[in-house]
Amino acid sequence: MMRIILLAMTNFAVMAVLFVSMSIIGKLFGINMSAGSMGGILTMAVIFGFGGSFVSLLMSKWMAKRSMGVQIIENPQTAQERWLVETVRRQAEKSGIGMPEVGIFHSPDPNAFATGASRNNALVAVSQGLLDHMTADEVEAVLGHEIGHVANGDMVTQTLLQGVLNTFVIIFARLIGLVVDNFFRSSNDESSGVGWGYYIGSIVAEIFLSFAATAIVMWFSRYREFKADIAGADLAGRQKMINALKRLQQGHATQDLPGEMAAFGIAGGLGTGLRKIFMTHPPLEDRIAALENAR
């Protein structure tokens, strides 16, 4: 429940900041921010399209620590903690990135994720369930997979892609709203501003366009998982990476991580039919086959 409240409060704060920013920019540059104004539509699209994505990226580590209850290993106390930190340090140096923060979150499900605003400001966290159910070689491969996400700049790339798609969704939804409004206006209607057709058309169009944009982002997320698996194989060894994926395949169903962290976990939930289009991860059997067939 606390995770949901934290997420809701954070989203409310982000939206408030974006609305204030839009108002200030409109006044500073003399942009008409009223509904139906092309200048207002473009300004709103850029601010909300990219603003929300980049604010989420900048807050990703903070949100991950609090929503997942990640305990950062600052001074390793046990042999396992020392091994985790040293393994991440070695893989980070080999990948040419800054040392990420390393943490453990309490979940019985075997999972891990990486997040952060840049290659040199990242967090890699593993679940207690992962440490309990996997061998050291398999955990090493999972850590390599997550370091691969960081080294490939996946967090920033996804943010840019999401920002571009959000911007186009907002613009095209408003344009469709204007077309709908003009279609339903009577020829004798000389009132200024937009009517109910604009708002209804914009809302309906944004819903459908958002589904299409999400499908594109999820396709990219699945594509990125294959690349992270290759990185894990390079850093830990191909057989170790294959064994880690097979271990996930043999275990009980892994629950999706909350929010944006789901895209950067080692495993995601399963989907059938149209749900496959919106899955963050490809099927484990496809990922295993890709590594086994790699040359």
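## Chatting through a predicted helical model

Trainee: Which residues does the UniProt annotation "transmembrane region" cover?
Mentor: In the unreviewed UniProt entry, that annotation covers residues 12-31, 37-58, 164-184 and 196-220. Keep in mind that we're looking at a predicted model.

Trainee: What's the chain doing over residues 164-184?
Mentor: That stretch is 100% helix and 0% strand, and its end C-alpha atoms sit 31 Å apart.

Trainee: And over residues 196-220, how far apart are the end C-alpha atoms?
Mentor: There they are 36 Å apart, and the stretch is again 100% helix with 0% strand.

Trainee: Zooming out, how many helices and strands are in the chain?
Mentor: The chain has 10 helices and four strands. In sequence order the pattern goes α-α-α-β-α-β-β-β-α-α-α-α-α-α.

Trainee: How much of the chain counts as buried?
Mentor: Of its 295 residues, 46% do. As for contacts, take those between residues at least 6 apart in sequence: 70% of them join residues at least 24 apart.

Trainee: Switching topic, which residues does the "binding site" annotation cover?
Mentor: His145, His149 and Glu225, according to the unreviewed UniProt entry. They're spread over 81 residues of sequence, yet they cluster in space, with a largest C-alpha distance of 8.4 Å.

Trainee: Where do His149 and Glu225 sit?
Mentor: His149 is in helix α6, residues 136-151, while Glu225 belongs to helix α8, residues 196-236.

Trainee: Is His149 buried or exposed?
Mentor: Buried: its relative accessible area is 0%, and the cut-off for buried is under 20%. Glu225 also has 0% relative accessibility, so it counts as buried.

Trainee: OK, on to α10. Which of its residues are buried?
Mentor: In α10, residues 284-292, the buried ones are Leu284, Arg287, Ile288 and Leu291. They cover an arc of only 100° around the axis, so they lie on the same side of α10.

Trainee: What do the buried residues of α10 pack against?
Mentor: Against α6, α8 and α9, the last of these being residues 238-250. Two of those partners carry binding-site residues we just discussed: α6 holds His149 and α8 holds Glu225.

Trainee: α8 again! At what angle do α4 and α8 pack?
Mentor: About 105°, with the axes 11 Å apart; α4 is residues 79-95. Angles from 65 to 115 degrees count as roughly perpendicular, so α4 is roughly perpendicular to α8.

Trainee: Which residues make the contact?
Mentor: On α4, Gln91, Lys94 and Ser95; on α8, Asp234, Leu235 and Ala236. By class, the contact has two nonpolar, two polar and two charged residues.

Trainee: Last one: where does Asp181 lie?
Mentor: Asp181 is in helix α7, residues 154-184. The annotated transmembrane region 164-184 is the stretch we called 100% helix earlier.

Trainee: And is Asp181 buried or exposed?
Mentor: Its relative accessible area is 5%, so Asp181 counts as buried.

Trainee: What is Asp181 in contact with, leaving aside its neighbours within four places in sequence?
Mentor: Val194, Gly195, Trp196, Gly197 and Tyr198. Take Trp196: Asp181 and Trp196 are 15 residues apart in sequence and 6.9 Å apart in space, C-alpha to C-alpha.

Technical notes
Residues numbered from 1 in each chain as written. Predicted model: local features only at pLDDT ≥ 70, side-chain atom pairs only at ≥ 80, totals over all residues. Heavy atoms only, no water. UniProt positions renumbered as here; feature names shortened; annotations may be inferred. Helix = DSSP H or I, 4+ residues; strand = E, 2+ residues; numbered from the N terminus. Buried < 20%, exposed > 50% of the residue type's maximum accessible area, 1.4 Å probe, protein only. Arc of directions from axis to C-beta. Contact = heavy atoms within 4.5 Å. Axes fitted to C-alpha atoms, helices over the stretch in contact; angles between N-to-C directions. Parallel < 35°, antiparallel > 145°, perpendicular 65-115°, else oblique. Nonpolar A, V, L, I, M, F, W, Y, C, P; charged D, E, K, R; others polar.
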